[in-house]
Amino acid sequence: MSSKNDSEVPGKPNRGVSRRGFIRRAGIGGSVLGAGLLDKKALAAPAAGGKFVGPGAVPITLKINAKAQTLNLEPRVTLLDALRNDLELTGAKRVCDRATCGACTVILNGKSVYSCTVLAIDAQGKDIVTIEGISSGKPHPVSKAFVNCDGQQCGYCTPGFVMAAKAFLDRNPDPTYEEVKEGLCGNLCRCGTYVGVRQAVLEAAKEMKGGNHA
Amino acid sequence: MPDYSWPPMDQRRVIGKPTKRRDGLEKSTGRAKYSSDEKPPGMLFGALLTSPYAHARITSIDTTDAEHMPGVTAVHVMTAAGKEVQWEGAEIATVAAVGEEQANDALRKIKVQYEVLPHLVREEDLAKAGNRAKPAGEQVTGDPDKAFQEADAMIEATYGIPVITHCCLEPHGNIVQFSGDHINLWPSTQNVSGIGGDLGKSLEVPAANIHVQMQYIGGGFGSKFAADSWGVEAGLLSKASGGKPVKMYLDRATELKIAGNRPSAFANIKVAAKKDGTITAWQSTSWATGGMGGGGMPPLPYVFRNIPNVRLNHTAVAVNAGGARAWRAPNHPQASFLTCSALEDLAAKLRLDPLELFTKNLGYTEREATYKPQLQKAAEIMEWQKRWHPRGEGHGPVKQGLGLAINTWGGGGHASQCRTTINPDGSVVLEIGTQDLGTGTRTAITMVAAETLGLPLGAITLRIGDSDYPPDGASGGSTTIGGVSPSTLKSTTNALRKLFAAVAPSLSATPDQLAAVDGRIQVKDDPAKSLPWQDACRKLGTTKISEMGENNPRQPGGLMSQGVGGVQMADVSVDTETGIVKMNKFVAVQDCGLIINPKLAESQIHGAAIMGICGALFEERVMDGQTGKYLNADMEFYKLAGIADIGEIVVHLDITPENDKRGVIGLGEPCAIGVIAAIGNAVANAIGVRVSHVPLTADRVLAALEGRNA
């Protein structure tokens, strides 16, 4: 088991620092940060190419779990609501609905995001992976590790945690215990399963390194 | 009567073995369908309009525009003109529409005019409560005045623990289909068997016509027993929309405002003792709120119930805020915090180790024989003797400290019925109208059945979460595992006896000579004479076995019992420059009865400890006195602990043959009780002064260090 600290290695990819974790370390107010997080291009122009859409429903094509699906949605619909209400992909949960708790986590172009705070229309042209996408065949090692280490109770936060853990391990396949705590701090659990979650992420890392998962 | 008893500890194959959660993979792959994930055909979306004011009279309400919005199928006024609302978030009106966005758009078109009335939303200063304060009568035991006069030492201080909210991740809500005289209900509930009757009362539909289904629940913690006004509304909207199902879940802000909370508790406490630490008198003047209903007195002095001289006064304060609901060990965390904080302060005044003071006074408790070894065990795990130091000692800006607290709880087993079916093809089905809150109820039932029937876990099909199954009690008071385990044991034992009767002739034996072992039915004294399970079941011909088993809480029969004690210790570091408290280690030593599944029992205690860490360090409902609003009704500023905030947690369960004989007791609540007190005491030990009010936020810690306690 490696316990090296990679944080100072040049060129090491982003280690999955969450928004919550960033806020905590930055120690600045949410409102200030909120403006900074807005997509600058979105602020500069009302819509790509100057074309206005909405407020009525428009065709929106989403590539979800490698499959393109076209929906008729109002531009204000979030990716989370499109998944849950229109596609019946209900693994991602709506909990805080304000990018705090991570229960709605999906992977967008390889990065974990809070799908409650991404508009479906903005997710067009991106690779969206949901918990269903990594669970169609045999269970993903992260899902299995959550069972082995009992990193869940009521389970409502679990799919979000699993997706956050997968995205974290994809970027950092050999994390230390401390890095797991840092990397997963963008998700909240109310039942108090963090002891099992910490073990599960380390176990999954071992399992995935062993080449047992494609 | 068959012998309904747990197999001896050393002969158990399944019970008592650490076993993975049976529905774990369903949850961790996202396949588990919670009621809030369901989408029955034709489902409409409901939305709820709530009061923006803490106290107001509605002077007019006009829903005309809302009714004409696209996609709207029904609008219903809950609080008519002329009526008052008593808190922010109180229900005003509801809408059903074909889409969620349409329902919310329509809600914004409802025109409500309010006459704003005076409010009180903060209770921490009793002097400002005016006529909202309702004092109860004084209770006196012994002669407290004389005891205080004669005491060697005395402390007097004020402590406070705020209102906190359940913050279930799956918000409260239901999907309701009210069609003709039948209702289909998909709730998020701790009470699958009982919630239909509750909804039926309000909608005047017999419970017999209500079908309840719920496979998973995303947290309850005591707040999800009733159908609630929003369940009734979903029913009314459904009926008004031609019987289409209506989904109505609270948004996060409303969830935090009106879906339940834990009452606050504040107290001015005096405790007197002899030089050696023997407590001689207790006096407390406490107050609390749980909303407009006020708040009852926590059981003070906690655990040390037999202090000879006691004076108790309590005042309930009514505030304009959402009402309290049961919260994981109702009133106990508050009582534990108030009592254990005062006792630790007393120990500091006497320059005694609090471990010594607590131990010395155990004679005042009902469970001295339990607590004494527990205190020793917890101290051993925490290395208390080596690591404890008098208050405030230590070098540098980061101070380390240890604290302790004790708990007690009832538990037991609720009323439960189980049906076991053994089919002639060997398949086995169990049905119980219970719910799995994350406790591992499914796993426990399956383990008990597998133990009794001598089958692997995978051979048992378990069905729960449906009102068509035999009734099971609500999951409250740590009584679920204590309820379903005996009913499962009895039902499977009864079914097995029937099977033995059918098989006995083929094995040239009498039924009472048979046993079910490792997937075979065999003669006890001659295991060579046996039949594989499936061959044995074929002897049933075409008739399946269907047998009931019942747990009656009044006739425990040695299968379950009530009453536990526990000890908790915390190790913290406090940065005296920033005021930030960091958890290093938490130790829970818990009395228990028979443990069905130690793996999930341990998880439950981890969860209780972490919930307590949330309450000790982060959680607080913040009300604005000026506007009457709940300022942090979201999850950014209503703070819960994250994965990096909890430190190391060590659980020690008192699994012993002696405790095992008590049967199943239940563990959900006791370990959630003493956490806040233990952490508060550890912080006092670290920094040398008491932080009088929790949560132990940086500002409170710094204020205490500067002598400005709240």
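**Exercises on two helices and an interface**

**Exercise 1.** Which residue follows H12(B), and what is the sign of its phi?

Solution. B:Gly454 comes after H12(B), and its phi is positive, near 65°. Helices are DSSP runs of H or I with at least four residues, strands are E runs of at least two, and both are numbered from the N terminus. The model is predicted: local features need pLDDT of at least 70, side-chain atom pairs count only at pLDDT 80 or more, and totals for chains, interfaces and linings use all residues. Residues are numbered from 1 along each chain as its sequence is written, while chains are lettered from A and ligands numbered from 1 in the order in which they are written.

**Exercise 2.** What span should H12(B) have, and how far apart are its end C-alpha atoms?

Solution. The expected span is 1.5 Å times one less than the number of residues. Helix H12 of chain B (residues 441-453) has 13 residues, so 18 Å should result, and the end C-alpha atoms are 18 Å apart, in agreement.

**Exercise 3.** How many residues of H6(A) are buried, and what do they pack against?

Solution. A residue is buried if 20 or more other C-beta atoms, placed from the backbone, lie within 10 Å of its own. In H6(A), twelve of 14 residues are buried, among them A:Phe161 and A:Lys166. They pack against elements of chain A, including helix H5 (141-148) and helix H8 (194-209), together with H1 of chain B.

**Exercise 4.** How many residues of chain B are in contact with chain A, and which element gives the most?

Solution. Contact requires C-beta atoms, placed from the backbone, within 7 Å. 46 residues of chain B are in contact with 49 of chain A. H15(B) gives the most to this side of chain B, nine residues.

Definitions and conventions
Contact = placed C-beta atoms within 7 Å.
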